[in-house]
Amino acid sequence: MKDQDEFYKKLKAQLADTALWPTAYLYKFIVPTDNTKIVQIQSIFDNLGAVISTKQSKNGKYTSVSINVRMKNPDHVIVKYKEVAVKVEGVISL
């Protein structure tokens, strides 16, 4: 858990330094190919005007989910990462 906190702290600093907020942010997640998991991720970004695209891996075992969405500030970006990590089992955040 400490590593995760450190990761989010660094991410917040990077985001604050590299963008003028609010700005468009691109999330990328990898999940085992399972419609339920993909829908879970999509629902987390509902009503935010997100553009969501999915692409299956060559063997179809995994699906990448890309979400382009306008976020208010680095804290909001991190809240969504944490929400996906908690709600979607087996997700990998890139």
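Trainee: Let's start with H2: which strands does it lie across, and at what angle to E1?
Mentor: H2 lies across E1, E2 and E3, and runs at about 160° to E1. H3 also packs on the sheet, where it touches E1, E3 and E4, and its direction makes about 10° with that of E1. Contact here means heavy atoms within 4.5 Å. Axes are lines fitted to C-alpha atoms, for helices over the stretch in contact, with angles from 0 to 180 degrees between N-to-C directions.

Trainee: What kind of model is this, and how are residues numbered?
Mentor: This is a predicted model, where local features need pLDDT of at least 70 and side-chain atom pairs count only at pLDDT 80 or more, while totals for chains, interfaces and linings use all residues. Residues are numbered from 1 along each chain as its sequence is written, and side-chain values use heavy atoms, with hydrogens and water left out.

Trainee: And where do labels like H2 and E1 come from?
Mentor: They are DSSP runs numbered from the N terminus: helices are H or I with at least four residues, strands are E with at least two.

Trainee: Okay, the sheet. What's the strand order?
Mentor: E2-E3-E1-E4, in an open sheet of four strands with antiparallel pairing. The edge strands are E2 and E4, each pairing on one side only. Two strands count as paired if DSSP finds at least two bridges between them.

Trainee: How many bridges join E1 to E3, and how many join E1 to E4?
Mentor: E1 and E3 (residues 62-71) pair over ten bridges, antiparallel. E1 and E4 (residues 92-93) are joined by two bridges and also run antiparallel. Phe 29 is a handy landmark: it stands opposite Val 65 in E3 and opposite Ser 93 in E4. Ile 30 has Ile 92 as its bridge partner in E4.

Trainee: Which residues of E1 sit on the covered face?
Mentor: Thr 23, Tyr 25, Tyr 27, Phe 29 and Val 31. The uncovered face has Ala 24, Leu 26, Lys 28, Ile 30 and Pro 32. In a regular strand, side chains alternate between the two faces of the sheet.

Trainee: What about E2 and E3, how are they joined?
Mentor: Six bridges join E2 (residues 51-56) to E3, antiparallel, with Val 51 opposite Asn 68. Their hairpin has five residues between the strands, and Gly 60 there takes a positive phi near 80°.

Trainee: Switching to the helices: how do H1 and H3 cross?
Mentor: The axes of H1 (residues 2-18) and H3 come within 9 Å and cross at roughly 145°. From H1, Tyr 8, Leu 11, Lys 12, Leu 15 and Ala 16 meet Pro 74, Asp 75, Val 77, Ile 78, Tyr 81 and Lys 82 of H3. By class, that contact has eight nonpolar, no polar and three charged residues. Ala, Val, Leu, Ile, Met, Phe, Trp, Tyr, Cys and Pro count as nonpolar, Asp, Glu, Lys and Arg as charged, and the others, Gly among them, as polar.

Trainee: Lys 80 in H3 caught my eye. Buried or exposed?
Mentor: Lys 80 is buried, with a relative accessible area of 14%. Buried means under 20%, exposed over 50%, and partly exposed in between, using a 1.4 Å probe and protein chains only.

Trainee: What does the side chain of Lys 80 reach?
Mentor: The backbone oxygen of Ile 44, at 2.8 Å. Beyond its neighbours within four places in sequence, Lys 80 is in contact with Tyr 27, Ile 44, Phe 45, Leu 48 and Met 71.

Trainee: And Val 91, where is that?
Mentor: Val 91 lies in the loop between H3 and E4, and is buried at 18% relative accessible area. Leaving out neighbours within four places, its contacts are Phe 29, Ile 30, Val 31, Ile 41, Val 84 and Ala 85.

Trainee: Last one: what's unusual about the backbone at Pro 22 and Asn 47?
Mentor: A cis peptide bond joins Trp 21 and Pro 22, with omega about -5°, and Pro 22 is in the loop between H1 and E1. Asn 47 has a positive phi, near 65°, in a residue other than glycine. Asn 47 sits in the loop between H2 (35-44) and E2, and is exposed, at 81% relative accessible area.

Definitions and conventions. Polar contact = N/O pair within 3.5 Å; in protein donor to acceptor, adjacent residues only side chain to side chain.
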